[in-house]
Amino acid sequence: VETPDAELVQRAQAGEAAAFDVLVNRYYALALRYAWRQLGNREDAEEVVQDAFVRAYRSVRGCHEPARFRGWLFTILINRCRTHAGRNRRRFLLFERWREREQPASSSAPQTLRLDGDQEVARALASLSPRLREAFLLKYIEEMSYEEMAQATGVGVSALKMRVKRATDALAAQLKKELHV
Amino acid sequence: MSELDSVVRDLIVRLKSVPEPDPRALREVHAALRQARPARLVETRRVLILSPIRALAWALLLVLATSTVWVFAWQSEANRNPAPVAGRTPVQFVFVAEQAQRISLVGDFNDWDPTATRMTRGAGGVWYVVVPLQPGRIAYSFVVDDKVWHADPEAAVTTHDFGRPSSVVYVAQTESL
């Protein structure tokens, strides 16, 4: 029988590091899935997931609702993904400015996401803005309720519903265009 | 989900597949956790009863200590955030060298003078300095203990005119960031 999250969190809060190891093993793959889909490549996702787990461990005593550890972990993970994406975007814009100045002839279509994995899926997700992608992934891939999403993202329920709707419409249009439907 | 377009439903099915964790990456997470410790949320409180003379002595000591901290913080802040210079972009340079006694930053901006821009030592042997630079291509190196020249391991390497290892940074206009 699997030990409940709440018990493991409480044991970690009491100083039992091995209890947190079990939580890492339990949620690593799910956290990696979200970060990979959100950031577009595995390498960045692994880095962000590690960072999120270390931050979660450091502040595990601040997890006031141990039974909803997953939601609490995702709050941290979502924030780390946002920070990482913002940093990548700034780096990309800096590089683009330099490239335009130094090598104006070699311009190519801008792409802030480095993609790997299933290219078709990755391309479809990359066509969304980070906000829409985040809302779509939390709703349909992580299967969170809108209340859980609101708690994890700090965004209101009605705004999240709008983002999910826009994301699904945009994805449908993008995929149909690719499939020539 | 039934109200979704079939192409989006198919996409969701594909996106839901859970990736197989890389054992090496998972080991690294556990190793990183071994280095971390949960922060304490509750701090114990102690009541200290002092005689008037001792209280005065403690007060003086406290004033002295906080003054030192403020001066240190001011100097440190001045190093990290030098006064803005019109048309220049503040750029932070970081170099890790735990054993070094002193490190200088040299480059086009200070005529490669090892005495011009000293770096400040931070925790864990991390040396740093912030320099306001003109936008454009800047070549630079780190000089450890006034002797050994190092290129920046985190930046593109270039061939310096004097045959010494050096690196390149491209500085943008401040307002573009």
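This note goes through the two chains, their interface and a few selected side chains of a predicted model.

1. Chain A is built from 8 helices and 0 strands, so that reading from the N terminus gives α-α-α-α-α-α-α-α by the run-based assignment of elements. Among its 181 residues, 48% are buried, and its accessible surface amounts to about 9000 Å², with 51% of that area belonging to carbon and sulfur atoms. Of the contacts in chain A with a separation of 6 or more, 64% link residues that are 24 or more positions apart.

2. Chain B has 3 helices and 8 strands, and along the sequence these elements follow the pattern α-α-α-β-β-β-β-β-β-β-β. Buried residues account for 33% of the 177 residues in chain B, while the accessible surface of this chain comes to about 12200 Å², 58% of it on carbon and sulfur atoms. For chain B, residues 24 or more positions apart supply 65% of the contacts with a separation of 6 or more.

3. The interface can be described first by its extent. The size of an interface is often given as the accessible area lost when the parts come together. For chain A and chain B this buried area is about 3600 Å², with 67% of it on carbon and sulfur atoms, and the contact involves 42 residues of chain A and 37 residues of chain B.

4. As for polar interactions between the chains, 9 residue pairs are in polar contact, counting pairs with both residues at pLDDT 80 or more. On the side of chain A that touches chain B, two or more residues each are given by α2 (17–39), α3 (42–58), α4 (69–102), α5 (119–126), α6 (130–141) and α8 (157–179) of chain A. The largest share of that side, 12 residues, is contributed by α2(A).

5. The rule finds 4 salt bridges across the interface of chain A and chain B, whereas the count over all chains is 19. One of the pairs between the chains joins A:Lys176 to B:Asp5, with the closest N and O atoms 2.7 Å apart. Another salt bridge is formed by the side chains of A:Glu46 and B:Arg24, at 3.8 Å from N to O; this pair crosses from helix α3 of chain A to helix α2 (residues 23–35) of chain B. The value of 3.8 Å falls inside the 4 Å limit of the rule, and the pair is therefore counted. A:Glu46 is buried at 13% relative accessibility, while B:Arg24 is partly exposed at 39%.

6. Two further salt bridges lie within single chains. In chain A, A:Asp169 pairs with A:Lys165, the closest N and O atoms being 2.7 Å apart, and because these residues are 4 positions apart in helix α8 they are separated by about one helical turn. Both are partly exposed, A:Asp169 at 41% relative accessibility and A:Lys165 at 48%. In chain B, the side chains of B:Arg102 and B:Asp146 meet at 2.8 Å, N to O. B:Arg102 sits in the loop between β1 (89–96) and β2, and B:Asp146 in the loop between β5 (136–144) and β6 (148–150), so this pair ties together parts of chain B that are 44 residues apart in sequence. Salt bridges with shared partners also join A:Arg42, A:Glu46, B:Asp22, B:Arg24 and B:Glu28 into one network.

7. A:Arg133, in helix α6 of chain A, is a charged residue worth inspecting: it counts as buried, with 3% relative accessibility. The side chain of A:Arg133 reaches the backbone oxygen of A:Leu125 at 3.1 Å, and the C-alpha atoms of A:Arg133 and A:Ala167, which are 34 residues apart along the chain, are separated by 6.8 Å.

8. B:Asn110 belongs to the loop between β2 (103–107) and β3 (120–121) of chain B and is buried, at 11% relative accessible area. Its side chain reaches the backbone oxygen of B:Leu105 at 2.9 Å and the backbone nitrogen of B:Gly107 at 2.9 Å. Leaving aside residues up to four places away in sequence, B:Asn110 touches B:Leu105, B:Ala116 and B:Thr117.

9. On the surface of chain B, the residues B:Trp58, B:Leu61 and B:Leu64 make a nonpolar patch of about 350 Å². B:Leu61 is placed in helix α3 (residues 52–80) of chain B and counts as partly exposed, at 48% relative accessibility.

Definitions and conventions: Residues numbered from 1 in each chain as written. Chains lettered and ligands numbered in written order. Predicted model: local features only at pLDDT ≥ 70, side-chain atom pairs only at ≥ 80, totals over all residues. Heavy atoms only, no water. Patch = residues over 30% accessible without salt bridge, like charges linked within 9 Å, V, L, I, M, F, W, Y side chains within 5 Å. Areas by Shrake-Rupley, 256 points an atom, 1.4 Å probe, with all protein chains shown as cover. Buried < 20%, exposed > 50% of the residue type's maximum accessible area, 1.4 Å probe, protein only. Contact = heavy atoms within 4.5 Å. Buried area = accessible area lost by both parts, 1.4 Å probe. Polar contact = N/O pair within 3.5 Å; in protein donor to acceptor, adjacent residues only side chain to side chain.
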